[in-house]
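Q: Could you take me on a close look at one part of this protein, the spot that a record annotates as the active site? I am new to reading structures, so please go step by step.

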Amino acid sequence: AAALPNNRSAVESVEEYIQNIELLNSDPSLEAYRDHFRYRIKRYAEQKKLIEKHEGSLQEFAQGYKRFGFNREDGCIVYREWAPAAQEAEIIGDFNGWSGSGYKMEKNQFGVWFIRIPDSHGNPAIPHNSKVKFRFKHGNGVWIDRVPAWIKYATQDPTRFAAPYDGVYWDPPPHERYHFKHPRPPKPRAPRIYEAHVGMSGSEPRINTYKNFADDILPRIRANNYNTVQLMAVMEHSYYASFGYHVTNFFAASSKYGTPEDLKYLIDKAHGLGLQVLIDVVHSHASNNITDGLNGFDVGQSSQESYFHTGDQGYHRLWDSRLFNYGNWEVLRFLLSNLRWWIDEFKFDGFRFDGVASMLYHHHGINMSFSGYDAYFGEMTNVDAVVYLMLANDLIHGILPEATVIAEDVSGMPGLGRPVSEGGTGFDYRLAMGIPDKWIDNLKNRNDREWSVGDITWCLTNRRYSEKCIAYAESHDQSIVGDKTIAFLLMDEEMYAGMSCLAEASPVIQRGIALHKMIHFLTMALGGDGYLNFMGNEFGHPEWIDFPREGNGWSYDKCRRQWNLVDTDHLRYKFLNSFDRAMNDLDEKFEFLSSQKQIVSSTDENEKVIVFERGELVFVFNFHSENTYGGYKVGCDAPGKYRVALDSDSKEFGGYSRIQRGVDHFTSPEGIPGVAETNYKNRPNSFKVLSPPRTCQAYYRVQE
């Protein structure tokens, strides 16, 4: 039973685990794919058993960073590098004048090169914060220099334009190391995630720092009552405009924003504020950079001697990047150790795995619609990648049971969000990626009268209820150049002059502010089991994101956040920000996001009204552009007295306060209790409300 996941009973055998797959018992429609699930589970169990046999345990296997790369051992620096294709190898750097003649490395039977460098006069032979490279000769006799694969810091020469990154030996003396002061906060019942990019988080047109983010941005996130921060672009990437998705150095915290110690300061400060911190981890592909990336170790060798597959199998044609061979022992060591490194060294609380759909299928999801279960389970499924993800989730939750792990999977593969012990892939949540597409489609292609409240509701509720989702109306994806934020789609150029409270709002601004609140609140309340917002969208940040590039004259103007807009009291951005905070406060108080109770009682296409219950609350959304409904009948579950908990029309949110706060709404019984067809829209009770156009309200039942 050793090869079973950590939360599986030790008395069960591997064979019982394979035969009794709980995921199939809970979803009979998956029964037709039992053989596929048996195969992938058998592969996972066998792989884990092999790791335990040869490496001790999965958790020990994932401490590769204590053996590979640079480590201190018995008065020496020991450097190890897996490079089976190399014929000869040496270590070079500032410490030896970039001459490796006296620093030849030895190779073991597994293709691992190593060297032991004794201390000099009691000091490490390689000084902290000095440059190093791995020099090796491959089959054609050519010597090449590469950044070590396990390097923990990499920097760029600021005096050279587009200079490649250099590996840096990072081992600060004790007094320069950051020492964590705060414990990890408890895992929230439902994550309210603030997606952030450190580099573009400042107001000034330049790259911001870890320290500035910690001191200036974290308090804003806490003030708006988010409980989780998701950091993008932390893993080192040479091309800034890749948004961090073309990783060059997997164990290095990006030097663009500061040092590894600065990042630890940020995470510790977040913990002190009660915020969990997730890292955007990219294990779906790697930068194809040769001089400063992992791809530099590929010199045409076979796939078993490389981090990547060979030929087309090892190249993503849309992303122009390299694809890992997840069946390779050393690739598994590298990637699993990478996950543990971020947890152990930096105290991250979990991960958002990027590009999971690309990993799950040999076709990488390119031009696929994923209609029907056959698309998920068959010859096109990359079982090596599925096994890796099962091992990864097993590892993460074994080390850190409180971890939050999210999959960015556009395909919707069933079982992805169920525990490994049930035959699932083990993620806690998946991103509900269809929701922002629905909002963008409506905003771009339909006038308000053509919006179908039934269609919107179906999109928000169309998910596997046994697998948790993170809902979002927009993320960084919707803000990139060529697209627009929801606020800018709604109000466009009128935002430049029309957001002042000193003048009456134009119809465009009125509509924009009203719908911005409704879209985000409906997404949060109905779309999933957690909520995500991208930095700045909480207050309707205008325009788009455009990283410095040749096409814009290397400008940072659109690669920053204009916090002055929300901080200026006479601008209307403050209303959207206040409503965002109120949404989070509402979940903090009533915990509706974590509730399994979700009942939609009405989607009226003529009235443009959606009524539903989530947890203890009753929600009413009126998308009509003109109609006010007085005495509007709303179905509910529990009898009693209801009051407004949140009203988007309040003046503090830029509304008109047409609904009185503190008014009691008494219920009336509807039909025979327990006989749905006699009830009002299948609800046993009802109460009446006022519903102004383009507003939404949440009602709570008063506890006597």
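A: Let's start with the annotated residues and then visit a few other places.

Keep in mind that this is a predicted model. The residues to find are D354 and E408, which an unreviewed UniProt entry annotates as "active site". They span 55 residues in sequence, yet no two of their C-alpha atoms are more than 5.3 Å apart, so they gather at one spot. That is a nice thing to check by eye: find both residues in the sequence, then find them again in the 3D view.

Where does D354 sit? Look in the loop between strand β18 (350-353) and helix α8 (356-360). Is D354 buried or exposed? Its relative accessibility is 7%, and buried means under 20%, so D354 counts as buried. Setting aside residues up to four places away in sequence, D354 touches Y245, D280, V281, V282, S284, H285, M359 and E408. Notice that the other annotated residue, E408, is on that list. D354 also has a partner close by in the sequence: its side chain and that of R352 are joined by a polar contact of 2.9 Å.

Now turn to E408. This residue is in a loop too, the one between β19 (404-407) and β20 (429-431). With a relative accessible area of 12%, E408 is buried. Leaving out neighbours within four places in sequence, its contacts are R352, F353, D354, G355, V356, A357, L431, M433 and D477. So which residue offers its backbone nitrogen to the side chain of E408 at 2.7 Å? It is G355, whose backbone nitrogen lies at that distance from a polar side-chain atom of E408. R352 is worth a second glance: it shares the polar contact with D354, and it is among the residues in contact with E408.

With that picture in mind, move on to a helix. W342 and F346 both lie in α7 (residues 329-346), 4 residues apart, which is about one turn of the helix. Their rings form a tilted aromatic pair, 5.1 Å from centre to centre, with 35° between the planes. The whole structure holds 64 aromatic pairs. W342 is buried at 0% relative accessibility, and F346 is buried as well, at 1%. F346 has a further companion, since K264 lies over the face of its ring, 5.5 Å from the ring centre. Elsewhere, the charged end of K589 sits over the ring of Y700, 5.8 Å from the centre.

Another helix to visit is α11 (residues 453-461), which holds I456. I456 is buried, at 1% relative accessibility. Its contacts beyond four places in sequence are W439, N442, W451 and L522. The C-alpha atoms of I456 and K438 are 7.3 Å apart, although 18 residues separate the two along the chain.

Finally, try tracing a sheet. Its 4 strands run in the order β1-β2-β5-β4, making an open sheet with antiparallel pairing. β1 (69-73) and β4 (106-107) are at the edges with a single partner strand each, so one side of each has no neighbour in the sheet. The partner of β4 here is β5 (residues 112-118), joined to it by 2 bridges. To see how the two strands line up, look for E106, which stands opposite F114 in β5.

Conventions. Residues are numbered from 1 along each chain as its sequence is written. This is a predicted model: local features need pLDDT of at least 70, side-chain atom pairs count only at pLDDT 80 or more; totals for chains, interfaces and linings use all residues. Side-chain values use heavy atoms; hydrogens and water are left out. UniProt positions are given in the numbering used here, feature names are shortened, and annotations may be inferred rather than shown by experiment. Buried means under 20% relative accessible area, exposed over 50%, partly exposed in between (1.4 Å probe, protein chains only). Contact means heavy atoms within 4.5 Å. A polar contact is a pair of N or O atoms within 3.5 Å; within protein, one must be able to donate a hydrogen and the other to accept it, and residues adjacent in sequence count only if both atoms are side-chain atoms. Two strands pair if DSSP finds at least two bridges between them. Rings of Phe, Tyr and Trp (its six-membered ring) pair if their centres lie within 6.5 Å; planes under 30 degrees apart count as stacked, over 60 as edge-to-face and the rest as tilted. A charge sits over a ring if NZ of Lys or CZ of Arg is within 6 Å of the ring centre and within 35 degrees of the ring normal.
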